[in-house]
Amino acid sequence: PLPNHKFKLLEDLHYKDIVVPAGFKTNGADVPRFLWWWFPPNRADYLPAVIIHDYLCEKKEYKKADEYFDNCLIDLGVNDKDRVRMVRAVKFYHRIKYNVK
């Protein structure tokens, strides 16, 4: 953990055809604070998916980020209701902020 709710990856994180390098920093999921009781930004259940998503977004690969986020959540065993909500939220955010359709 780092100050201001940030985290630094201590080892490379491998998923499919990407490697998130050790040293990558993330703030976790961008969840409004009033929803942290339901979806904490750094919950271990889905933190690997968040790290992969953040890394791909940093590379401006938004569609791949969303696809891998969904796939990774499935691989991590996140229940379908929460997974669908989270995937819809990131897609909506990208549509608004980056005009990704």
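**Helix 3**

I began with burial along helix 3 in this predicted model, and I noted Asp82, Arg83, Met86, Val87, Val90 and His94 as buried. I then looked at how these residues are placed around the axis: they cover an arc of only 130°, which puts them on the same side of helix 3. As a general point I wrote beside this that an α-helix has 3.6 residues a turn, so residues three or four places apart point the same way.

On the other side of helix 3 I found Asp80, Lys81, Arg88 and Ile96, which are exposed. I next asked what covers the buried residues of helix 3, and the cover turned out to include helix 1 and helix 2.

I also checked the length of helix 3, which runs over residues 80-98. Its 19 residues should span 27 Å at 1.5 Å a residue, and I have its end C-alpha atoms 26 Å apart, which agrees.

**Aromatic pairs**

I searched the whole structure for aromatic pairs and recorded two. In one of them, Tyr15 and Tyr68 meet edge-to-face, with 5.8 Å from centre to centre and 75° between the planes. Tyr15 belongs to strand 2 (residues 13-15) and Tyr68 to helix 2 (residues 62-76), so this pair ties together parts that lie 53 residues apart in sequence. I looked up the burial of both rings' residues and found Tyr15 buried, as is Tyr68.

For Phe24 and Tyr55 I noted ring centres 5.5 Å apart and planes at 85°; since an angle over 60 degrees counts as edge-to-face, I entered this pair as edge-to-face. Here too distant parts of the chain are linked, because Phe24 sits in the loop between strand 3 (18-20) and strand 4 (25-26), whereas Tyr55 is in helix 1 (residues 47-58), 31 residues apart. I marked both Phe24 and Tyr55 as buried.

**A charge over a ring**

Returning to Tyr68, I found that the charged end of Lys16 sits over its ring, at 5.1 Å from the ring centre. Tyr68 therefore enters my notes twice, once as the partner of Tyr15 in an edge-to-face pair and once as the ring beneath the charged end of Lys16.

**Cysteines**

I searched the whole structure for disulfides and found zero. I then asked whether Cys57 and Cys72 are buried or exposed. Cys57 is buried, with a relative accessible area of 16%, and Cys72 is buried as well, with a relative accessible area of 4%.

Conventions
Residues are numbered from 1 along each chain as its sequence is written. This is a predicted model: local features need pLDDT of at least 70, side-chain atom pairs count only at pLDDT 80 or more; totals for chains, interfaces and linings use all residues. Side-chain values use heavy atoms; hydrogens and water are left out. Rings of Phe, Tyr and Trp (its six-membered ring) pair if their centres lie within 6.5 Å; planes under 30 degrees apart count as stacked, over 60 as edge-to-face and the rest as tilted. Helices (H or I, at least four residues) and strands (E, at least two) are DSSP runs, numbered from the N terminus. Buried means under 20% relative accessible area, exposed over 50%, partly exposed in between (1.4 Å probe, protein chains only). A charge sits over a ring if NZ of Lys or CZ of Arg is within 6 Å of the ring centre and within 35 degrees of the ring normal. A disulfide is a pair of cysteine sulfur atoms within 2.5 Å. The expected span of a helix is 1.5 Å times one less than its number of residues. The arc is that of the directions from the helix axis to the C-beta atoms. Contact means heavy atoms within 4.5 Å.
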